[in-house]
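Biologist: I've got a model open with something bound in it, and I'd like to talk it through. Can you walk me around the site?

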Amino acid sequence: MQYKIMLVEHNRLLLEQLSKVIESAQDMELAARYQNSNDALGQGRVFNPNIILLDADMDNATELLQEFIASFPQAAIICTGEKWQADRTSHFIQSGASGYLIKPFSYANLKEAIKTYTTNGMEMDSQVMTFFSPKGKSGKTTLIANLAMALGRSTGEQVGIIDADLQFGDMAVFFNLEPQSTIFEATRDVSFLSPLELRSYFTKVNDKVSVLCGTKTPSYIDKVSIPNLETLIKMSKSLFKYLLIDVPAGFNPTSIAAAEMSGMTYVVSMLNGAYEVKHAQRALDIFEAWEDYQQRVKVVFTRVVPCNQESKRKMSEAIGYPVEAVVPNAYMVVSKAADNGQMALDLEPDSPLAMSINYLAGRIIHQNDTGRGAG
Ligand SMILES: Nc1ncnc2c1ncn2[C@@H]1O[C@H](COP(=O)(O)OP(=O)(O)OP(=O)(O)O)[C@@H](O)[C@H]1O
Ligand SMILES: [Mg+2]
């Protein structure tokens, strides 16, 4: 696709500099450039741009953005600013911008921004999910990893995992990754990063799924600040259509912050006896403090035997809350997969485990069809 770009930049020097970047690109056309945004609104339409780079370093940037959206419904609008500001950026995205780019930018920055923001990962409809467990060993890391793969495969969208299980994060081990950077570096640097730069902190599992791995040593736990974690989650929303967050078991600052930032929180418990049901119930009691908890909290039980509708119904009855999904006891395939550095989902694609994970993936994908979108 040929990019027809309209550049709106109030700073003369930047206007010159950025124009040069676009003009020298083979696959981009500088369809029009304006120093004055009213001129752009008045005259720009005849050039039919499909990308608008809009100077957002202005007091009235939000109103301007709205006017550009109304006048150029066909174009993707990428706001540009000299500094990354999480709150402002997220506000622009919510107002309908496709993305945010730091200027001055290089051809490579621009190209990647266009690719990212026009094909996937617009924050607006990104689904953020936290997987919370009342107690450890709930099967949630296994669930997240397999679910992420299922989501990537069946939607072709970008899927991100944040391993915020700060002390015992094992997503890297799970996927057999050797991360160059972890959540420790990402939260340390986040206030200086743009989303595109943040992307390089994630480690790719395949062309759809990427993981921000956990800290390398448990002692880093207190080095991850909660406000920075929140900024990180916010920023990651512009990179991934689906964002899955693994958190430490139980209620703690990390799990609470992640859940607050998420459109959906899954309470995951592994059935070992009757206690887990009680724990799930108690966790729900706490989430009840959220006014909209019935839309934002879903319950999943793992290692359910027999894993069928009847069990699901019985468990819903027992906790007095609908159970979203039940995952079967699949110890053999899960541990075989772990030994081979593979996903259980791939190892036995027709297994009951794979079926239940694909079912849950389908529910997530179609969440927006039935009502409130998560995210
Ligand atoms: N559906 C399942 N059936 C049987 N065993 C499972 C299932 N899912 C996971 N397991 C096993 O249970 C153990 C815990 O799984 P996992 O690490 O996914 O849970 P977790 O909640 O992330 O644990 P942690 O508290 O250590 O983070 C692992 O040994 C895993 O192989
Ligand atoms: Mg885990």
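Modeller: Sure, and keep in mind that this is a predicted model. Let's start with the shell around ligand 1, whose residues divide into six nonpolar, six polar and four charged.

Biologist: How many residues surround ligand 1, and which are the closest?

Modeller: The shell has 16 residues in it. The closest are Lys137, Ser138, Thr141, Thr142 and Ala330.

Biologist: Which element gives the largest share of the shell around ligand 1?

Modeller: Helix 6 (140–155), strand 13 (323–328) and helix 15 (331–340) each supply at least two residues. The largest share is three residues, and the element behind it is helix 6.

Biologist: Which residue has a side-chain N or O atom 2.6 Å from an oxygen atom of ligand 1?

Modeller: Let's sort the polar contacts by partner atom. With serine 138 it's a polar backbone atom, 2.7 Å from a ligand oxygen. Asparagine 329 does use a polar side-chain atom, but that one lies 3.5 Å from a nitrogen of ligand 1. The side chain at 2.6 Å from a ligand oxygen belongs to threonine 141.

Biologist: How much of the area that ligand 1 exposes when taken alone does the protein bury?

Modeller: Taken alone, ligand 1 exposes 630 Å². The share of that buried by the protein is 84%.

Biologist: What is the volume of the largest pocket?

Modeller: That's the space ligand 1 takes up. The pocket is lined by 33 residues, with Lys137, Gly139, Lys140, Thr141 and Thr142 nearest its centre. Elements giving two or more residues to the lining include helix 7 (171–175), strand 12 (297–304) and helix 17 (352–365). Its volume is about 900 Å³.

Biologist: Which class of residue has 16 members in the lining of the largest pocket?

Modeller: Five of the lining residues are charged and 12 are polar. The class with 16 is nonpolar.

Biologist: What is phi of lysine 137?

Modeller: Most residues other than glycine have a negative phi. Lysine 137, in the loop between strand 6 (127–132) and helix 6, has a positive one. Its phi is near 55°.

Biologist: Which proline follows a cis peptide bond with omega near -15°?

Modeller: Most peptide bonds are trans. One cis bond joins lysine 103 and proline 104, but omega there is about 0°; that proline is in the loop between strand 5 (99–102) and helix 5 (107–119). Another cis bond runs from valine 305 into the loop between strand 12 and helix 14 (309–319). Its omega is near -15°, and the residue is proline 306.

Definitions and conventions
Residues are numbered from 1 along each chain as its sequence is written. Chains are lettered from A and ligands numbered from 1 in the order in which they are written. This is a predicted model: local features need pLDDT of at least 70, side-chain atom pairs count only at pLDDT 80 or more; totals for chains, interfaces and linings use all residues. Side-chain values use heavy atoms; hydrogens and water are left out. A residue is near a molecule or strand if one of its heavy atoms lies within 4 Å of it. A polar contact is a pair of N or O atoms within 3.5 Å; within protein, one must be able to donate a hydrogen and the other to accept it, and residues adjacent in sequence count only if both atoms are side-chain atoms. Accessible areas come from the Shrake-Rupley method with a 1.4 Å probe; for residues, only the protein chains shown count as cover. On a 1 Å grid over the protein atoms alone, a cavity is a set of points where a 1.4 Å probe fits but cannot get out, and a pocket is an open set with protein on both sides within 12 Å along at least five of seven lines; lining residues have an atom within 4 Å of a point. A molecule sits in a cavity or pocket if more than half of its atoms lie within 2 Å of its grid points. Helices (H or I, at least four residues) and strands (E, at least two) are DSSP runs, numbered from the N terminus. Ala, Val, Leu, Ile, Met, Phe, Trp, Tyr, Cys and Pro count as nonpolar, Asp, Glu, Lys and Arg as charged, and the others, Gly among them, as polar. Grid points are joined across faces, edges and corners, and a volume is the space filled by probe spheres set on the points.
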